[in-house]
Amino acid sequence: MSARTIPTAFVQRYLMFSPDNNIDLSNALRAAGIDLATLSDPRARLTPAQVTTFVQTTWQLTDDELFGLGGAPVPRGTFRLICLTLIHCRDLGTAFARMADVIRALPGLAPLSIETGEDSTRISFSVQPRAEISEPDVAARVTTDFVLILLHRFAAWLIGKRVRLRAVEFPYAAPDARLAQDYDYIFGAPVTFGASRAALEFDNSAMRAPIIQTEESLEEYLRESPIQLMSERDYDSRASAQVRRVIELGVKGRTSTADEIAEMLSISVPHLRRLLRREGTSLNQLREEVLRDIAIAGLGRGESVELLSSRLGFSEPSAFRRAFKRWTGDTPSSYR
């Protein structure tokens, strides 16, 4: 299955803070194979591997796991320390409670508030960037996005299965429609903007799930971090995610017709189209996204235009080049 690509905005937003941190991020961009022309194009996409390399290099440059954006420095190794205090907890609820206790002793991290109800548990926080940051609202947004994704994906990893969320809340205005779709996709749950605090609402059945990971599996997880945050999405159960998986499995030659997909999902074609419309997408849009993401990943691995054109079912390389330009605003050569 292909790894979904990531909007350049998730990297571009951080670049404005490099002068505040007195660092030059050109080496981080170079190591990740990201050029400024790509970052300036709102249609361009990055692979999870590119974003991971950029983040890991930035961690090294700043010696800060929140990229120098938090209220105080968060030295490298802090997340590992927190994880080691959680890994032997009996269940996810206990792990979150312990995480909240540990974070209270770390001034660079936003304290977690945990509210347990009859059916669900709400975990919330409020980010306060350091005073000298030039754009505190944007810094808070970058940090909030990172922490919410981390809490959700790490919870799923701890218990070894998908964690469906009841709600996700962001304390800032909604982004443009293109980015908003990526937030929906990342969390696979209703996303609300303009809330008072950042929050995730978990079903209590997830909180009772046992921790299955070990210190040994944790070390492997940390070595690859944060690629899991960018590429894991097996918990997404929306119609569009299911359709995307079907298309990915049958992408060669674009043979997945509406009838075939509907039959695989045990629904009618009109009902399938209605479900996708409610989620703001369509079969054609999902097919284009799958082809785009596979093409970007393939070019990043060094595959030729001719090979990708044939593999993705285009009649000739020139047709692939035109489609790629439409998807990303750039030529295939720019992604090598």
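**View 1. The buried residues of helix H17 in this predicted model.**
Let us start with the residues of H17 that are tucked away: Ala319, Phe320, Ala323, Phe324, Trp327 and Thr328 are buried. They cover an arc of only 145° around the axis, and that is why they sit on the same side of H17. These buried residues pack against two other helices, H15 (283–300) and H16 (305–311). As for the helix itself, H17 runs over residues 317–328, which makes 12 residues. From its first C-alpha to its last, H17 reaches 16 Å, close to the 16 Å expected at 1.5 Å a residue. Keep following the chain and, just after H17, you meet Gly329, which takes a positive phi of about 80°.

**View 2. Gly300, a residue of helix H15.**
Is Gly300 buried or exposed? Its relative accessibility is 57%, and a residue counts as exposed when this value is over 50%, so Gly300 is exposed. Now look for Ala28 as well: Gly300 and Ala28 are 272 residues apart along the chain, and their C-alpha atoms are separated by 17 Å.

**View 3. Two positive phi values in the loop between H4 and H5.**
Here we look at Asp63 and Phe67. Asp63 is found in the loop between helix H4 (48–62) and H5, and its phi is near 50°, a positive value in a residue other than glycine. Phe67 lies in the loop between H4 and H5, and this residue has a positive phi of about 60° although it is not a glycine. How accessible is Asp63? Asp63 has a relative accessible area of 42%, so it is partly exposed. Phe67, at 9% relative accessibility, counts as buried, because buried means under 20%.

**View 4. The buried face of helix H5.**
Helix H5 covers residues 78–86, and its buried residues are Thr78, Phe79, Ile82, Cys83 and Leu86. Imagine looking down the axis of H5: these residues fall within an arc of 135°, so they line one face of the helix. What do they pack against? The buried residues of H5 have helix H6 (92–103), helix H7 (136–159) and helix H10 (215–224) as packing partners. The next two views take up H6 and H10.

**View 5. Helix H5 packing with helix H6.**
The axes of H5 and H6 are 9 Å apart, and the two helices pack at an angle of about 135°. H5 and H6 are therefore oblique to each other. H5 passes H6 in a right-handed crossing. On the H5 side, the contact is made by Ile82, Thr85 and Leu86; on the H6 side, by Ala95, Arg98, Met99, Val102 and Ile103. You have already met Ile82 and Leu86 among the buried residues of H5.

**View 6. Helix H5 meeting helix H10.**
At what angle do the axes of H5 and H10 cross? They cross at roughly 155° and come within 11 Å. An angle over 145 degrees counts as roughly antiparallel, so H5 and H10 are roughly antiparallel to each other. The crossing in which H5 passes H10 is right-handed. To find where the helices meet, look in H5 for Phe79, Arg80, Cys83 and Leu84, and in H10 for Glu215, Leu218, Glu219, Tyr221 and Leu222. Phe79 and Cys83 are among the buried residues of H5.

Notes. Residues numbered from 1 in each chain as written. Predicted model: local features only at pLDDT ≥ 70, side-chain atom pairs only at ≥ 80, totals over all residues. Heavy atoms only, no water. Helix = DSSP H or I, 4+ residues; strand = E, 2+ residues; numbered from the N terminus. Expected span 1.5 Å × (residues − 1). Buried < 20%, exposed > 50% of the residue type's maximum accessible area, 1.4 Å probe, protein only. Arc of directions from axis to C-beta. Contact = heavy atoms within 4.5 Å. Axes fitted to C-alpha atoms, helices over the stretch in contact; angles between N-to-C directions. Parallel < 35°, antiparallel > 145°, perpendicular 65-115°, else oblique. Left-handed = near helix turned anticlockwise from the far one by under 90°.
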